[in-house]
Each structure stands twice: as C-alpha cells, then as structure tokens.
Amino acid sequence: MRIIDAIEFGKLIHNARKKAKLTQTDLAAAAGIGERFIRELEKGKPSCQLEKSLLVAQMLGIKFEATLPPLDE
C-alpha cells in the first residue's frame, strides 16, 4: 500500500486495528497513549506526532520501507 497523506495513513491504521480485533481503547492502552490520539490518527489528522504514529503502527505489526532515489555521483 502506498501512503501519500495522513488520511491514507489513518485508513491503514484503522484497517490494521480492525483486523487485529482491537478497539481504539485497547490499542491506546497497548501503545501507552491516549484514545483521543488513536481517534485523530485514524481520521487522518495531519498534525499527529510522528513518533506516536509510528509506535501505533509498530504495535499493529505494520512495517515501513523507504525507497530512496539513486545518488548522483
């Protein structure tokens, strides 16, 4: 899945949470963050903190891979 914005990232988190059969409350408790953050993250709020967002993704088993453009030598 290609993530191009906060809304797409939120959908990814929402779908992974549902697949894991977790409520927003369960996920928030497991990640040690507030339930409000989970709600805002799933809605695609663009100002969500990156570190917390990555923690939530990690709790759901989501892995990221970065592809860098080739270096000009």
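This briefing describes the fold, helix packing, salt bridges and selected surface features of one protein chain. The model is a predicted one, and its secondary structure comes to 4 helices and 0 strands, which follow one another along the sequence in the pattern α-α-α-α. The C-alpha trace spans about 50 × 25 × 20 Å along its principal axes, and 30% of the 73 residues count as buried.

**Overall fold and surface**

- Among the contacts in the chain with a separation of 6 or more, 52% are accounted for by residues that stand 24 or more positions apart in the sequence.
- The chain exposes about 5700 Å², and carbon and sulfur atoms supply 54% of that area.
- A nonpolar patch of about 530 Å² is present on the surface, and the residues that make it are M1, I3, L50, L54 and F64.
- One member of this patch, M1, belongs to the segment before α1, and M1 counts as exposed because its relative accessibility of 68% is over the 50% cut-off.

**Helix packing around α4**

- Helix α3 and helix α4, the latter formed by residues 50–59, have axes that come within 11 Å and cross at roughly 90 degrees; the two helices are therefore roughly perpendicular to each other.
- The contact between these two helices brings F37, I38 and L41 of α3 against K52, S53 and V56 of α4.
- Helix α2 also packs against α4, at an angle of about 105 degrees and with the two axes 10 Å apart; since an angle of 65 to 115 degrees counts as roughly perpendicular, α2 and α4 are therefore described in that way.
- On the α2 side the residues that meet α4 are L27, A30 and A31, and their partners in α4 are L55, V56 and M59.
- V56 is thus named in the contact of α4 with α3 and again in the contact of α4 with α2.
- A further spatial relation involves R36, a residue of helix α3, whose C-alpha lies 9.1 Å from that of T25, although R36 and T25 are 11 residues apart in sequence.

**Salt bridges in and beside α3**

- Side chains of opposite charge can pair when their charged atoms come close, and in this model the count comes to 5 salt bridges.
- One of them joins E35 to R39, with the closest N and O atoms 3.8 Å apart, and both residues lie in helix α3 at a spacing of 4 residues, about one turn of the helix.
- Both ends of this pair count as partly exposed, E35 at 32% relative accessibility and R39 at 35%.
- R36 and E40 form another salt bridge, at an N to O distance of 3.0 Å; because they are 4 residues apart in helix α3, about one helical turn separates them.
- The two partners differ in their surroundings, since R36 is exposed with a relative accessible area of 56%, whereas E40 is buried with a relative accessible area of 19%, a value that falls under the 20% cut-off.
- E40 also forms a salt bridge with K45, in which the closest N and O atoms are 3.4 Å apart, and K45 counts as partly exposed at 36% relative accessibility.
- R36, E40 and K45 are accordingly linked in a network of salt bridges, in which E40 takes part both in the bridge with R36 and in the bridge with K45.
- E40 is itself a residue of helix α3, which covers residues 35–43, and when its neighbours within four places in sequence are left aside, E40 is in contact with K45 and C48.

**Backbone at K21**

- K21 lies in the loop between α1, which covers residues 6–19, and α2, which covers residues 24–31.
- Most residues other than glycine have a negative phi, but K21 has a positive phi of about 60 degrees although it is not a glycine.
- K21 is exposed, because its relative accessible area of 76% is over the 50% cut-off.

Note on methods:
Residues are numbered from 1 along each chain as its sequence is written. This is a predicted model: local features need pLDDT of at least 70, side-chain atom pairs count only at pLDDT 80 or more; totals for chains, interfaces and linings use all residues. Side-chain values use heavy atoms; hydrogens and water are left out. Buried means under 20% relative accessible area, exposed over 50%, partly exposed in between (1.4 Å probe, protein chains only). Patches are made of residues with over 30% relative accessible area and no salt bridge: like charges are joined within 9 Å, nonpolar side chains (Val, Leu, Ile, Met, Phe, Trp, Tyr) within 5 Å. Accessible areas come from the Shrake-Rupley method with a 1.4 Å probe; for residues, only the protein chains shown count as cover. A salt bridge is a side-chain nitrogen of Lys or Arg within 4 Å of a carboxyl oxygen of Asp or Glu. Contact means heavy atoms within 4.5 Å. Axes are lines fitted to C-alpha atoms, for helices over the stretch in contact, and angles run from 0 to 180 degrees between N-to-C directions. Angles under 35 degrees count as roughly parallel, over 145 as roughly antiparallel, 65 to 115 as roughly perpendicular and the rest as oblique.
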